[in-house]
Amino acid sequence: MHFNNKRGLPVTLIFLCLSSAVNAQTIRHIADPLNLTTSLGAGFDADVLKVAGRYGWENQKIELNTNFGGDKWNLSYLYSPQSSLSNWNVSASIKHGKTDTEIGRFNHYQYQVGIISEFNGWMDTAIFTELGANYLNVKDYSSSDSITANASATILKPWSDRWYNTLVVQGSAAIDGSERYETHAWLSLGYRVTERWSWEIRYRYESNQYETYNEEETKWGFTMQSQF
């Protein structure tokens, strides 16, 4: 069993528009994962049309990403107190997709919760770490269900008012006795055209292992986003 991914070098093009400011939030970088801007968008992942929407307010945001057919989607929630008294942010998400197994393809749902902390490093480097748990539920094939512990780190490095790099490393391993391991990593180079718009070129590596099955894949991506 594994998660079904497009092969080759898919290119992701996302335009986020119609954004409004979140008045209570301090000014954050456009690539900051704790940014609470409200936005709507659409884009392409290879030949798949995707749409996205995010609604943010004082210290929370809800985000939905889906392909045009609606059979693959991700709904996420973030609570970020935006206070110097608290450095803990709560995340939760539900992801629906397709799972390939030895006897066919099944719908799967992933339910995840996590805690995100933020640290300010050397030379304006921002580091975000997340610890959480993920439950995989495969419809009509419950013997493939599993629970994993997850850990991830995001490093955001602005080099100037316009150029920046983002490095993300994620890993998970089953904690219920099953053999399920996942590793994701990507490095992106971004350029802020204005305070509202930026583009990124991204290189991504993925490795998924479940019992005797193992899959490795690399991807190139290109994204554009806006905030107001």
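Which residues make a nonpolar surface patch of about 370 Å²? They are Tyr79, Trp88, Val90 and Ile115. The model in which this patch appears is a predicted one, and the paragraphs below go from its overall build to its individual contacts.

The protein has 14 strands and 0 helices. Read along the sequence, the pattern is therefore β-β-β-β-β-β-β-β-β-β-β-β-β-β, with strands as its elements. Of the 228 residues in the protein, 41% are buried.

The surface patch can now be placed on this build. Trp88, one of its four members, belongs to strand S7, which covers residues 88–101. The relative accessibility of Trp88 is 53%, so this residue counts as exposed. Its partners in the patch, again, are Tyr79, Val90 and Ile115.

Aromatic side chains also meet one another. A search of the whole structure gives 8 aromatic pairs. In one of them, the ring centres of Tyr111 and Tyr135 are 6.4 Å apart and the ring planes lie at 20°, so this pair is stacked. The cut-off matters here, because planes under 30 degrees apart count as stacked. The pair links distant parts of the chain: Tyr111 is in strand S8 (residues 104–120), Tyr135 is in strand S9 (residues 126–138), and 24 residues separate them. Tyr111 has a relative accessible area of 35% and is therefore partly exposed. Tyr135 is also partly exposed, because its relative accessibility is 32%. Both tyrosines belong to a cluster in which ring pairs link Trp73, Tyr109, Tyr111 and Tyr135.

Another ring has a charged neighbour. Lys157 lies over the face of Trp159, at 5.1 Å from the centre of the ring.

The next contacts are between charged side chains. How many salt bridges does a search of the whole structure find? The search finds 6. Among them is the bridge between Arg204 and Glu206, whose side chains meet at 2.5 Å, N to O. Arg204 and Glu206 are both buried. Glu206 also meets the side chain of Lys219 in a salt bridge, here at 3.7 Å, N to O. Glu206 is in strand S13 (residues 197–210) and Lys219 is in strand S14 (residues 213–226), so this pair ties together parts that are 13 residues apart in sequence. Is Lys219 buried or exposed? Its relative accessibility is 15%, so Lys219 counts as buried. For Glu206 the value is 6%, and this residue therefore counts as buried too. The cut-off behind both statements is a relative accessible area under 20%.

Elsewhere, salt bridges that share partners join Arg28, Asp32 and Glu118 into one network. Within it, Asp32 forms a salt bridge with Arg28, and their closest N and O atoms are 2.8 Å apart. Both Asp32 and Arg28 are buried.

His29 follows Arg28 in the numbering and is found in the loop between strand S2 (12–20) and strand S3 (38–45). With a relative accessibility of 14%, His29 counts as buried, because the limit for that class is 20%. Although His29 and Tyr164 are 135 residues apart in sequence, their C-alpha atoms are 9.8 Å apart in space.

The loop between S8 and S9 remains. Where is Asp124 placed? Asp124 is in this loop between S8 and S9, and Thr125 is found there as well. The two residues fall into separate accessibility classes. Asp124 counts as exposed because its relative accessibility is 67%, whereas Thr125, at 15%, counts as buried. The side chain of Thr125 reaches the backbone oxygen of Trp122 at a distance of 2.8 Å. Asp124 has a spatial relation to a part of the chain further along: Asp124 and Leu156 are 32 residues apart in sequence, and 8.7 Å separates them in space, C-alpha to C-alpha.

Note on methods:
Residues are numbered from 1 along each chain as its sequence is written. This is a predicted model: local features need pLDDT of at least 70, side-chain atom pairs count only at pLDDT 80 or more; totals for chains, interfaces and linings use all residues. Side-chain values use heavy atoms; hydrogens and water are left out. A salt bridge is a side-chain nitrogen of Lys or Arg within 4 Å of a carboxyl oxygen of Asp or Glu. Buried means under 20% relative accessible area, exposed over 50%, partly exposed in between (1.4 Å probe, protein chains only). Helices (H or I, at least four residues) and strands (E, at least two) are DSSP runs, numbered from the N terminus. Rings of Phe, Tyr and Trp (its six-membered ring) pair if their centres lie within 6.5 Å; planes under 30 degrees apart count as stacked, over 60 as edge-to-face and the rest as tilted. A charge sits over a ring if NZ of Lys or CZ of Arg is within 6 Å of the ring centre and within 35 degrees of the ring normal. Patches are made of residues with over 30% relative accessible area and no salt bridge: like charges are joined within 9 Å, nonpolar side chains (Val, Leu, Ile, Met, Phe, Trp, Tyr) within 5 Å. Accessible areas come from the Shrake-Rupley method with a 1.4 Å probe; for residues, only the protein chains shown count as cover. A polar contact is a pair of N or O atoms within 3.5 Å; within protein, one must be able to donate a hydrogen and the other to accept it, and residues adjacent in sequence count only if both atoms are side-chain atoms.
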